[in-house]
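Visitor: I would like a close look at a single part of this model, with what surrounds it and how each term is defined. Please take your time over it.

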Amino acid sequence: MSQNNLFENSNQYPSSEYDKPNGILDRFRNFALSTSEWTQKWVPDAWIIAVILSIIVFLMTIAFGNASPVKAAQVWGKGLWVLLPLMAQFSFAILVAYVCATAPATKRALNWLGSRPNPDKPWQATLLVAVVSLLTGYINWALTVVVSATFVPFVAKHNPKSDMRLLVAAAYVGIATLWHAGLSGSATLLVATPDNFLLKDKILTDLIPVTRTIFSQFNILLVLVTIVTTALILTLLTPKKSRVKMEQSVLDSITKESDFQRPADLSPADRMAWWPGWNIILGVASLYFLINIFTSKGIAGWSIDTYNLLFLTLALFLTWRPIVFLEGCKRGVQGAWGILVQFPLYGGIFGLISYTDLGHVLTTFFTSISTPQTFLPIVYWYSGILGYFVPSGGSKWVIEAPYLLKAAKELGISPASTTLAYSWGDMMSHLIQPFWAIALLDITRTKFGQIAGFCTMLLLVYIIITSIGMFLMPLHL
């Protein structure tokens with residue numbers, strides 16, 4: 001079915017005020033559409049961006065890093081495989097989050113939850129989608145991408161008066177405004193994980209526990225302000241009546257029950273594939289290990305490794321049977337291919353920056369344009385602008401960490417504060433960067449232009465709030 005046929009314009013409800021041409025939403029939509037069109041025309045695939053950045057940094061190393069072409073090539077090769085452990089950790093995180101989000105038990109829960117709003121009050125549906133997106137975004141970035149996208153059709157199914165454009169925009173806010181400040185933040189988890197590459201290369205001297213970043217009072221407060229503000233704005237934007245809804249045939253295809261049916265005649269091997277005992281045994285063992293970690297270390301034990309183990313445990317129990325778990329893994333691994341092909345290139349960039357004088361040059365530059373009071377806002381804006389072109393929080397942190405952390409040290413600012421400023425900055429441009437919306441748009445059969453106006457209005461408020469937050473952030477978290 002073509003995308004143009006996936007939505008229908010119904011005259012059942014008269015148009016609302018924001019549907020009128022030349023309104024404020026149209027102006028925001030046109031601006032965001034032009035931005036999106038520029039992105040789609042000029043910003044290539046993430047892997048190509050990684051290659052271009054590699055070339056740029058290679059030339060910078062020769063020009064400013066006091067390295068010959070031969071030396072630059074050597075350190076580039078030395079860095080290629082530095083990030084293999086991190087690559088595996090991030091890839092596994094995507095896989096298990098996907099399994100959790102698409103498990104039959106999860107879909108049943110989403111169907112029930114989608115039926116809770118009053119069908120005659122569309123604002124309730126908008127608010128519910130936004131809250132689910134924000135909460136799942138705080139828990140897990142990969143989880144919110146899949147859960148939010150899957151949740152929209154369930155909500156639309158039970159709330160036919162809701163505007164599909166606004167529901168999809170609400171589903172996008174978890175990944176676009178909150179994930180890197182939450183439990184799965186790449187930068188904050190990395191600096192809390194033992195034996196990470198920043199420690200091995202002496203960029204950091206000690207681990208930075210999540211109690212100083214994710215669970216700091218400042219971050220928790222900014223997270224709460226973001227959740228309340230974002231949900232409120234989306235609720236206020238909800239029209240009382242809408243002309244745009246999803247076709248019933250599309251809703252049925254997305255919200256249908258799982259295809260897993262146990263055959264009547266099973267071989268011994270098939271019986272083992274259907275026996276839930278394997279999932280239970282491994283799940284209980286994983287749960288026992290997690291309890292031991294948090295009993296001994298408390299919340300400071302939260303790292304990439306414990307994060308992945310927790311979601312593996314959830315995936316095992318939610319799927320219940322090995323055959324369901326393994327089928328989910330087969331589909332989920334498709335989402336990890338980008339990390340697998342990009343991270344060696346970012347490892348090479350890390351080598352060029354860290355093993356030559358280029359890192360010192362970049363550190364000197366940031367200290368020269370910053371004061372202790374302006375450094376964190378500068379990190380926020382710099383990371384946000386760069387994030388528009390390098391839409392990968394973990395990969396970009398590999399590039400920025402070596403010189404930003406050193407610059408912060410020279411200015412007397414803690415690495416925890418710098419990491420947190422980077423994390424918020426990384427999300428700054430997501431609302432107008434279609435990269436993160438690809439899965440959501442694909443599942444809901446939506447075009448980015450249909451949500452662009454709402455996202456741009458949110459972006460303006462989001463930037464104001466988070467920029468103020470950077471000036472108020474403590475320098476010594």
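**The second largest cavity and its surroundings**

Guide: Helices α11 (217–237) and α23 (448–472) each contribute at least two residues to the lining of the second largest cavity. This is a predicted model, in which local features need pLDDT of at least 70 and side-chain atom pairs count only at pLDDT 80 or more, while totals for chains, interfaces and linings use all residues. Residues are numbered from 1 along each chain as its sequence is written, and side-chain values use heavy atoms, with hydrogens and water left out.

A word on terms helps here. Rolling a probe the size of a water molecule over the atoms shows where empty space is left. On a 1 Å grid over the protein atoms alone, a cavity is a set of points where a 1.4 Å probe fits but cannot get out, and a lining residue has an atom within 4 Å of a point. Points are joined across faces, edges and corners, and the volume is the space filled by probe spheres set on them. By this rule there are four cavities of 30 Å³ or more, and the second largest holds about 60 Å³ of space.

Its lining consists of Thr 177, Thr 226, Thr 229, Thr 230, Ile 233, Leu 458, Val 461, Tyr 462 and Ile 465. Five of these residues are nonpolar, four are polar and none is charged. Here Ala, Val, Leu, Ile, Met, Phe, Trp, Tyr, Cys and Pro count as nonpolar, Asp, Glu, Lys and Arg as charged, and the others, Gly among them, as polar.

Let's now follow one of the two helices. Met 470 is found in α23; helices are DSSP runs (H or I, at least four residues) numbered from the N terminus. Met 470 is buried, with a relative accessible area of 1%, where buried means under 20% (1.4 Å probe, protein chains only). Not counting residues up to four places away in sequence, Met 470 touches Phe 218, Leu 222, Leu 376, Pro 377, Tyr 380, Ala 421 and Trp 424, a contact being heavy atoms within 4.5 Å. Its C-alpha atom lies 8.9 Å from that of Ile 378, 92 residues away along the chain.

That leads to helix α19 (residues 375–389), whose end C-alpha atoms are 22 Å apart; this agrees with the 21 Å expected for its 15 residues at 1.5 Å a residue, counting one less than the number of residues. The buried residues of α19 include Leu 376, Pro 377 and Tyr 380.

Technical notes: Buried means under 20% relative accessible area, exposed over 50%, partly exposed in between (1.4 Å probe, protein chains only). On a 1 Å grid over the protein atoms alone, a cavity is a set of points where a 1.4 Å probe fits but cannot get out, and a pocket is an open set with protein on both sides within 12 Å along at least five of seven lines; lining residues have an atom within 4 Å of a point.
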